[in-house]
Amino acid sequence: QVLLVESGGDLVQPGGSLRLSCAASERIFSNYVMGWYRQGPGRQRELVATISTFGRTMMYLASVKGRFTLSRDNAKNTVYLQMNDLKPEDTAVYYCNSPRGVTYWFDWGQGTQVTVSS
């Protein structure tokens, strides 16, 4: 079973930037589309962005398009989320996983907390 470990979350002021990382435990990671999800306070988990297996195609939630950039390094079994111009509504626990229709391929990691506040 692939284990996912997210990191990089922090407290940041509005307009600031963060880079999140998601490290996978297995090389088969490179065979999967990967996505970043987030769950804000009192909200359901939502899919923020996805990246294809070789990193050529990305899709973004409308509210983050132009501010967030997803990338991956298959040699390092890692996917990244560069977040710029952060807004308070981006406050959430961020997770990575591989979307499988309405479900997911892997068990959830612990996530990483992003708090955007002045």
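From the N terminus on, the elements of the protein run β-β-β-β-β-β-β-β-β-β-β-β, and the tally for this predicted model is zero helices and 12 strands. The radius of gyration is 13 Å, close to the 13 Å expected from the globule rule for 118 residues, so the protein is as compact as a globular protein of that length. Taken along the principal axes, the box filled by the C-alpha atoms comes to roughly 40 × 25 × 25 Å. Of the 118 residues, 43% are buried. The accessible surface amounts to about 6300 Å², and carbon and sulfur atoms hold 50% of that surface. Contacts across the sequence are well represented too: among those between residues at least 6 apart, 54% join residues at least 24 apart.

A pleasant place to start on the strands is the run from β4 to β6. Strand β4 (residues 34-39) and strand β5 (residues 46-51) are antiparallel and are joined by five bridges; one pairing sets Trp36 opposite its bridge partner Ala49 in β5. Six residues lie between the strands of this hairpin, and Gly42 there takes a positive phi near 70°. Strand β5 is also joined to strand β6 (residues 58-60), again in antiparallel fashion, by three bridges. Here Ile51 has Met58 of β6 as its bridge partner. The hairpin of β5 and β6 likewise has six residues between its strands, with Gly55 at a positive phi near 75°.

The inside of the protein comes next. In soluble globular proteins, nonpolar side chains tend to be buried together. The largest nonpolar core of this model has 27 residues, and the members that touch the most others are Met34, Trp36, Val79, Met83 and Tyr94. Two or more residues are given to this core by each of β3 (18-24), β4, β5, β7 (68-73), β8 (78-83), β9 (92-97) and β12 (112-116). Strand β3 supplies the largest share, four residues.

Tyr94 deserves a closer look. This residue is found in strand β9 and counts as buried because its relative accessibility is 0%, below the 20% cut-off. Leaving aside neighbours within four places in sequence, the contacts of Tyr94 include the core members Trp36 and Met83, and among the others are Glu6, Leu20, Tyr37, Arg38, Phe68, Leu81, Gly111, Thr112 and Val114. A polar atom of the Tyr94 side chain also lies 2.6 Å from the backbone oxygen of Asp90. By contrast, Ala75, 19 residues away in sequence, is 23 Å from Tyr94 in space, C-alpha to C-alpha.

Asp90 leads on to a second buried site, this time centred on a charged residue. Arg67 lies in the loop between β6 and β7, and with 8% relative accessibility it counts as buried. Its side chain forms a polar contact of 2.7 Å with the side chain of Asp90 and reaches the backbone oxygen of Ser63 at 2.9 Å. Setting aside neighbours within four places in sequence, Arg67 is in contact with Gln82, Met83, Asn84, Asp85, Leu86, Lys87 and Asp90. Two residues thus tie the neighbourhoods of Arg67 and Tyr94 together: Met83 is in contact with Arg67 and with Tyr94, while Asp90 meets the side chain of Arg67 through its own side chain and that of Tyr94 through its backbone oxygen.

Note on methods
Residues numbered from 1 in each chain as written. Predicted model: local features only at pLDDT ≥ 70, side-chain atom pairs only at ≥ 80, totals over all residues. Heavy atoms only, no water. Pairing = 2+ DSSP bridges. Core = buried A, V, L, I, M, F, W, Y, C linked by side-chain atoms within 4.5 Å. Buried < 20%, exposed > 50% of the residue type's maximum accessible area, 1.4 Å probe, protein only. Contact = heavy atoms within 4.5 Å. Polar contact = N/O pair within 3.5 Å; in protein donor to acceptor, adjacent residues only side chain to side chain. Rg over C-alpha atoms; globule rule 2.2 N^0.38 Å. Areas by Shrake-Rupley, 256 points an atom, 1.4 Å probe, with all protein chains shown as cover.
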